[in-house]
Each structure stands twice: as structure tokens, then as C-alpha cells.
Amino acid sequence: MLVKRIPFAALLSMASYATYKMPPDQYPYAFTACAVALVSGSLGVLRGPQHPRGLVNQILTSLMDFAPLPLMNIQIYLEAKPLYAFAHAFSLIPLGIDILVKLFGDECDDKAAEALKLANNLINVASLTVISVVDDNYMYFFVMLSYLMAQASLLYGHCENCIWTERMHLLFFTLFFFVSSKAVTDKNVVVNFSKLKFYLFNRDNRGY
């Protein structure tokens with residue numbers, strides 16, 4: 001049982017590190033995303049994997065599925081393109097809809113909420129891809145890629161016979177918060193695509 005708690009401990013440790021790197025007074029939206037992971041990681045460490053889909057687990061899953069990327073997108077756009085930052089706030093609306101469905105909806109409503117969840121994630125992934133290309137910033141691309149891998153593993157990570165994929169889901173989210181903390185705070189690690197291509201071009205011309 002202790003081994004099953006290790007991925008939750010990794011998520012909790014990285015979320016704690018990310019909240020340290022992104023304090024609420026400087027990075028309020030990124031901090032809020034990290035707080036969601038702190039709650040999820042803490043409950044996982046205390047209780048271990050909870051395969052029965054209780055209401056609390058479903059709501060917490062919705063928070064982890066919906067909230068982190070839109071909140072990180074708001075924070076990233078505030079740093080890079082402030083004019084478009086709060087447009088991502090609208091992508092948090094499906095979170096409220098999904099929670100209402102889990103509280104009061106039926107199976108048909110749940111399927112509609114899942115489709116809305118997928119569309120919402122795709123829009124946020126596309127938005128982060130665009131800004132990574134526009135700003136020539138590979139760190140934003142890695143944030144998107146780590147979140148995409150976490151979402152792909154989420155499709156299989158909450159069933160009784162898929163313990164390994166559930167662990168991968170948590171570890172990919174751990175990677176997401178690590179890369180996000182670097183992308184948001186450590187401006188000195190940014191090496192843009194055009195500089196990298198320029199370096200490789202010059203190196204080839206010199207015969208290295």
C-alpha cells in the first residue's frame with residue numbers, strides 16, 4: 001500500500017515546490033492551480049488510490065482535469081500577452097457545469113460533460129501551442145506536452161485494473177507542475193526556437 005502512495009507523494013512534493021516558486025502575491029492563478037494539486041496529492045498520500053468513484057473523488061478529478069491548464073494559461077498569458085489572459089477564464093466555466101452535473105445530473109448529462117471537458121482541454125492545449133510558437137518559447141510547449149500526456153493517461157487511469165496507468169497519470173501531472181514552475185518563473189532558462197535553429201545552422205556551416 002505504501003508503494004501505491006509514492007506517485008501521490010511525488011505530486012504533493014512537486015506541488016509544494018511549485019507553490020514555493022509561485023507565491024500567491026506574484027502568481028495568483030498558477031498558485032491556485034498548484035493548490036488543487038496539493039489537495040489531490042495530500043488526500044492520495046493519506047488514503048491511497050480510491051478506485052470506487054465516490055462524489056468527492058469525482059469532484060476532485062474534475063478539478064484536476066479542468067483547472068490546472070486554464071489557470072496556468074492565464075498566468076502565462078499575463079506574462080507574455082496580457083491582453084488575451086482573461087479570455088482563458090471562460091474555459092473555467094465548464095468546470096462549474098461538470099460539478100453541477102456530478103451533483104444533480106444523470107448518465108446522459110455526464111456524457112455531455114465529458115465531451116465538454118474534452119473540447120475545453122483541446123482549446124487550452126491549442127492556445128498554449130500557439131503562444132509557444134508565437135513567442136518561440138519551447139518551455140510553453142513542454143507545459144502543453146506534459147499536460148497532454150497526463151490527460152491521455154487519465155482516459156485509462158481510474159479503473160481497477162489499470163493501476164500502472166494511474167501512476168503514470170500522476171507522474172505526468174508531477175512533470176506538468178515542474179515544467180510550469182520553470183516556464184512561469186525562470187525567464188533565464190528560456191531559449192527560443194529561432195536562436196536554437198540559428199545555432200544549429202552555424203554549427204553545420206562550420207563543419208562541427
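**View 1. The surroundings of V36 in helix α2.** In this predicted model, the residue V36 is found in helix α2. Its relative accessibility is 14%, and because a residue is called buried when that value is under 20%, V36 counts as buried. Leaving aside residues up to four places away in sequence, V36 touches L63, M64 and A67. One of these partners, M64, lies 28 residues from V36 along the chain, yet the C-alpha atoms of V36 and M64 are separated by 6.7 Å.

**View 2. The packing of helices α2 and α4.** The helix that holds V36 also packs against α4, and the two axes, which are 7 Å apart, make an angle of about 160°. Since angles over 145 degrees count as roughly antiparallel, α2 and α4 are therefore roughly antiparallel to each other. The crossing of these two helices, α2 and α4, is left-handed. On the α2 side the residues that take part are P28, Y29, A30, T32, A33 and C34, and in α4 they meet P68, L71, M72, I74, Q75 and L78.

**View 3. The largest nonpolar core.** This core holds 38 residues, and those that touch the most other members are M22, M72, L128, F173, F176 and F177. Two or more residues are given to this core by each of the elements α1 (6-21), α2 (28-47), α3 (55-66), α4 (68-80), α6 (107-134), α7 (138-154) and α8 (163-185). The largest share comes from α8, which contributes 7 residues. M72, named here among the core residues that touch the most other members, also appears in the previous view, as one of the α4 residues that meet α2.

**View 4. The contacts of F173.** F173, another of the core residues that touch the most other members, is shown here with its own partners. When residues up to four places away in sequence are not counted, F173 touches L11, M64, P68, Y147, A150 and Q151. Of these partners, M64 is also touched by V36, and P68 is among the α4 residues that meet α2.

**View 5. The whole chain, for orientation.** The protein chain has 9 helices and 0 strands, so that reading along the sequence gives the pattern α-α-α-α-α-α-α-α-α. Of its 208 residues, 40% count as buried. Among contacts with a separation of 6 or more, 72% are accounted for by residues 24 or more positions apart. The accessible surface of the chain comes to about 11,100 Å², and 69% of it belongs to carbon and sulfur atoms.

Terms used:
Residues numbered from 1 in each chain as written. Predicted model: local features only at pLDDT ≥ 70, side-chain atom pairs only at ≥ 80, totals over all residues. Heavy atoms only, no water. Helix = DSSP H or I, 4+ residues; strand = E, 2+ residues; numbered from the N terminus. Buried < 20%, exposed > 50% of the residue type's maximum accessible area, 1.4 Å probe, protein only. Contact = heavy atoms within 4.5 Å. Areas by Shrake-Rupley, 256 points an atom, 1.4 Å probe, with all protein chains shown as cover. Core = buried A, V, L, I, M, F, W, Y, C linked by side-chain atoms within 4.5 Å. Axes fitted to C-alpha atoms, helices over the stretch in contact; angles between N-to-C directions. Parallel < 35°, antiparallel > 145°, perpendicular 65-115°, else oblique. Left-handed = near helix turned anticlockwise from the far one by under 90°.
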